[in-house]
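Please keep the sequence and the 3D view side by side while reading this report. The text moves from the overall build of one chain to the packing inside the model and then to strand pairing.

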Amino acid sequence: MDNSEKSTAGLTRTLLSETGLITSFALRAIRVAFQSPLELREIVHQVYMAGWRSLPLVMTSGLAIGVVLSIHTRATMERFGAEALIPAALAIAMISETGPLMTGLLVSGRVGAGIGAELGGMKVTEQIDALESLAVDSFHYLAVTRIIACMIALPILTTVMNFSGLIGGFLAETAISNVSLGIYFQQAFAGIGFIDYVAPTLKTVVFGFIIGTVSSYLGYTTTGGSEGIGRASTHSVVFSSMVLIVINVLLVRIILVLFPAGAL
Amino acid sequence: MSSAGQAIRFESVTKSFADRRVLDGVSFDVPSGETFCIMGRSGTGKSVTLKLLLGLLKPDEGRIFVNDVEIQTMDSAQLVDVRKTMGFLFQYSALFDSLSVAENIAFPLRRHTRMSESEITQSVRERLADVGLERELDKMPLDLSGGMRKRVGLARALALKPSILLVDEPSSGLDPITTREIDKLLMNLKASSRTTVVVVTHNVSSARRIGDKLLILHEAHIVAQGTAEELDQSRDKVVQQFMSAESEVKNAV
């Protein structure tokens with residue numbers, strides 16, 4: 001076996017081993033989540049940290065994405081004289097895929113990196129051991145609460161992203177066609193049913209689980225001082241984004257199988 | 001073997017990390033109410049001993065008793081009750097960065113007692129007064145000096161009034177005056193509450209001041225244990241080197 005084969009084999013082994021460890025971490029989180037005490041106070045605090053504090057980023061991004069999508073959609077629709085379908089096309093694009101995926105990636109960058117760095121910092125400064133010494137289950141208190149908070153925050157942030165995107169689309173349209181807000185939103189939601197919104201938005205609960213689990217795992221297993229904290233933070237973003245994009249393919253397929261007519 | 005009458009008992013404890021053995025068949029007892037100092041060069045398993053006592057690490061072999069209860073077979077839920085009877089002062093204090101001084105000390109009280117907020121505030125003030133920091137209630141840990149952080153760490157470790165206090169390198173990174181202040185706090189604690197104290201240190205003069213008994217670890221084994229006077233009489237070369245290290249440094253200066 002030459003060096004490149006050896007390094008590929010080593011990388012594959014590491015990847016499989018890490019996947020196994022993260023899966024075991026996730027299963028433990030699911031089991032511990034239902035154990036007493038439920039840590040509701042800490043969950044609320046983490047929802048505030050992950051959700052409320054991500055609002056400016058999500059709203060700004062949503063607005064910008066809405067404007068850009070609207071401009072692109074108009075360029076296409078104009079060729080067929082179908083300008084009236086622009087709001088509906090934008091709503092479908094935002095709600096079905098762009099909103100959930102973009103929110104997932106943005107939260108993975110902001111919150112995932114934060115969790116990785118925060119827990120990594122607590123690990124190397126022995127604060128996690130300090131929690132254990134104070135008779136607190138650090139895994140439940142730190143990791144599980146953050147995972148649940150991400151699962152709660154993601155669908156809410158996705159809804160905000162979708163709405164901001166439509167507002168952005170309206171602003172871009174109104175500059176050209178003077179359409180009113182009422183008519184724009186009426187046209188946007190004309191072809192969208194409740195299930196069309198619920199299914200893609202609920203899939204972000206899974207995104208939240210992935211972001212919370214991967215970044216908590218990497219923070220929790222940090223070694224090597226400040227360099228290790230930086231590594232945990234970076235890897236949290238990279239790995240959770242990668243897993244999220246791949247799992248998204250699977251979830252889209254599942255949604256289309258479960259709701260062939262309804263989910264866009 | 002019975003462990004009655006002992007706050008802590010180590011029976012033939014062995015612990016390795018990768019291929020490095022840091023403790024090899026280590027046995028010792030700590031009677032209730034005594035201050036017991038574990039000494040040794042860096043990397044000889046002193047801090048590992050404390051983490052084994054708290055159940056943060058599991059021994060590869062051997063048995064560990066805390067207040068007559070065998071702990072190495074316990075899971076994390078069972079260890080919660082044992083840990084409530086113990087306090088741990090970490091080498092670098094390990095205060096929670098995101099909480100103020102008062103919140104750090106109130107944390108275990110909120111988690112494990114049914115005290116009202118006013119009772120918690122009163123208790124926090126008392127613990128801080130014990131360590132001479134009653135005016136630093138609202139400061140954040142990063143705004144404190146190393147010695148102050150250590151004292152807040154001590155106040156937090158004592159918040160639940162534990163029967164056993166574990167202290168990891170109390171003089172690490174501190175000047176001699178602050179070291180003496182911390183030593184004095186530990187001696188006062190023993191006098192006022194008969195708390196069993198296990199101190200890991202490489203500071204021989206500090207160990208002489210506060211320790212009823214001293215133990216020296218070397219290359220994963222215990223080379224000596226007894227009072228400071230008994231260790232001074234030892235003919236073992238490692239013990240002699242260790243116990244005279246302080247005076248040699250003073251002479252060199």
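In what order do the elements of chain A run from the N terminus on? In this predicted model, they run α-α-α-α-α-α-α-α-α, and the count for chain A is accordingly nine helices and zero strands. The C-alpha trace of chain A spans about 65 × 55 × 35 Å along its principal axes, and 44% of its 264 residues count as buried. Among the contacts in chain A that join residues at least 6 apart in sequence, 88% are between residues at least 24 apart.

Helix α1 of chain A, which covers residues 3-33, can be checked for its length: because each residue should add 1.5 Å, its 31 residues should span 45 Å, and the 44 Å between its end C-alpha atoms agrees with that value. This helix, α1(A), is hardly covered, since the count of buried residues among its 31 residues is one.

**Nonpolar cores**

The largest nonpolar core has 107 residues, and the members that touch the most other members are C150(A), M39(B), L53(B), L166(B), V167(B) and V198(B). Helix α6 of chain A (residues 138-177) provides the largest share of this core, namely 12 residues. In chain B, both domain 1 (6-85 + 163-252) and domain 2 (97-161) give residues to this core, which therefore lies between them. If neighbours within four places in sequence are left aside, V198(B) is in contact with I8(B), V30(B), F36(B), I38(B), L50(B), L53(B), L166(B) and V167(B). A second core, separate from this one, has 14 residues, among them A89(A), M94(A), Y184(A) and A188(A).

**Strand pairing in chain B**

The following table sets out two strand pairings that involve strand β4 of chain B, with a pair of partner residues for each.

| Strands | Bridges | Direction | Partner residues |
|---|---|---|---|
| β1(B) (residues 6-17) and β4(B) (residues 61-66) | five | antiparallel | T14(B) and E61(B) |
| β4(B) and β5(B) (residues 69-70) | two | antiparallel | V66(B) and V69(B) |

On the β1(B) side, T14(B) stands opposite E61(B), a residue in β4(B), whereas the partner of V66(B) in β5(B) is V69(B). What do β4(B) and β5(B) form, and how many residues are between them? The two strands form a hairpin with two residues between them, and N67(B), which is in the turn, has a positive phi of about 50 degrees.

Terms used:
Residues are numbered from 1 along each chain as its sequence is written. Chains are lettered from A and ligands numbered from 1 in the order in which they are written. This is a predicted model: local features need pLDDT of at least 70, side-chain atom pairs count only at pLDDT 80 or more; totals for chains, interfaces and linings use all residues. Helices (H or I, at least four residues) and strands (E, at least two) are DSSP runs, numbered from the N terminus. The expected span of a helix is 1.5 Å times one less than its number of residues. A residue is buried if 20 or more other C-beta atoms lie within 10 Å of its own, exposed if 12 or fewer, and partly exposed in between; C-beta atoms are placed from the backbone. A nonpolar core is a set of buried Ala, Val, Leu, Ile, Met, Phe, Trp, Tyr and Cys residues joined through C-beta atoms within 7 Å. Domain bounds come from an automatic or database domain assignment. Two residues are in contact if their C-beta atoms, placed from the backbone, lie within 7 Å. Two strands pair if DSSP finds at least two bridges between them.
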